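User: Could you take one part of this model and walk me through it closely, along with whatever surrounds it? I'd like one connected answer, with the cut-offs spelled out as you go.

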Amino acid sequence: MAEPKSVADAYADDLRPDEYDLRRQEKQAQEEQAKTKTLLDSLATLPSGAQYLKVNNRQKGNAVLKELKQVPWRYEDLKADFELGKSSCALFLSLRYHHLHPEYVHGRIRELGRLYRLRVMLVQVDVKSAQKTLSELAKVCVMHGYTMIVCSSAREAARYLETYKAFENRSSDALKGDKPTDFLSQMSDVLTTIRSVNKTDSTTLLSTFGSFNGICQATSAEIQMCPGFGGAKVERLAKVLDQPFRKRAKPASSTSVLQSKDFKQDSTPQAEDEAERAARATQAAEAFLVQDDDDDDD
């Protein structure tokens, strides 16, 4: 009787390298189609007349325009290179052109001013050594309130422009993700905030003790009997569960500034204001030291 083959051997026999490459290309094509569908669906939600990406006339001949295939565009008289929405725009800069004309970007920034709330500097890296130039451009963008996006090709730059335009009226909720609503997922999110406790450990605790209250009432010996829980992990878990939910600052010490003889003897309004300010500063310092000690203990 022949020995059973491993999964890797069986997979290698059933799938030749050329077939693997073909499947990988098909997967990439499916992902590209999914992205295209998302862009078109988002574009369909824009009001009539706003679906066009407005392009400055001076961008004629730019290779990026040939790659704009998912969003319709047209030339218009603009201050910016691309108008992504009513309050957003983009300036396009090729590093090769920037090396030949370093003053160009500064003139465009002055010309554009603050006409748009969101201003993007779309930088295409088409030179070999770009680190120093990118650092200088990053400083310029920070000084003038621009968001710098670096891309390596015209296709990538076009994809950024298409995405900005397609999601013009989308809210930020799409970036937040879905919050778990079931009990197990919520408890897993809570317990995994403890260092070295993973989702498997949280499932083990909940299945063993039944609820969060049961975990809190369990002793260290009982928790250590669960699989995957050693002494160090049990000690961290117990330390977190024993802490109060809200940190409280220690009461003011007996050497508080308000209790000093100098402030007791001088009862003028100016002295009382100084005493009050000094007391607040002392209490803030003590609260900071308490928090710092707690962080060191963690």
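Analyst: What follows starts with a single helix and then works outward to the sheet and the charged pairs.

A bit of housekeeping: this is a predicted model, with local features needing pLDDT of at least 70 and side-chain atom pairs counting only at pLDDT 80 or more, while totals for chains, interfaces and linings use all residues. Residues are numbered from 1 along each chain as its sequence is written, and side-chain values use heavy atoms, with hydrogens and water left out.

Let's take helix 6, residues 131-144. (Helices are DSSP runs of H or I with at least four residues, strands are E runs of at least two, and both are numbered from the N terminus.) Its 14 residues reach 20 Å from first C-alpha to last, close to the 20 Å expected at 1.5 Å a residue; the expected span is 1.5 Å times one less than the number of residues. Just after helix 6 comes Gly-145, with a positive phi near 75°.

Which residues of helix 6 are buried? They are Thr-133, Leu-134, Leu-137, Val-140 and Cys-141. (Buried is under 20% relative accessible area, exposed is over 50%, and partly exposed is in between, using a 1.4 Å probe and protein chains only.) Looking down the axis of helix 6, the buried residues fall within an arc of 120°, so they line one face; the arc is taken from the directions from the helix axis to the C-beta atoms. Over on the other side, Gln-131, Lys-132, Lys-139, Val-142 and Met-143 are exposed.

The cover over that buried set includes strand 4, helix 4, helix 5, strand 5 and strand 6. Helix 4 (residues 95-100) holds His-98, which is buried at 8% relative accessible area. Beyond its neighbours within four places in sequence, His-98 is in contact (heavy atoms within 4.5 Å) with Leu-93, Val-105, Thr-133 and Leu-137.

Now the sheet: it is open, with 6 strands in the order 2-1-3-4-5-6 and mixed pairing. Its edges are strand 2 (73-76) and strand 6 (147-151), each pairing on one side only; two strands pair if DSSP finds at least two bridges between them. Helix 5 (residues 104-112) packs on the sheet, touching strand 1, strand 4 (88-94) and strand 5 (118-124), and makes about 165° with the direction of strand 4. Helix 7 (residues 154-166) lies across strands 1, 3, 4, 5 and 6, at about 140° to strand 6. Axes here are lines fitted to C-alpha atoms, for helices over the stretch in contact, with angles from 0 to 180 degrees between N-to-C directions.

Helix 5 also brings us to charge. Arg-108 and Asp-81 meet in a salt bridge at 2.7 Å, N to O, where a salt bridge is a side-chain nitrogen of Lys or Arg within 4 Å of a carboxyl oxygen of Asp or Glu. This pair links distant parts of the chain, with Arg-108 in helix 5 and Asp-81 in the loop between strand 2 and strand 3, 27 residues apart. Arg-108 and Asp-81 are both buried. Back at the edge, Arg-74 and Glu-76 form a salt bridge at 3.2 Å, and those two belong to a network with Lys-54 and Glu-83.
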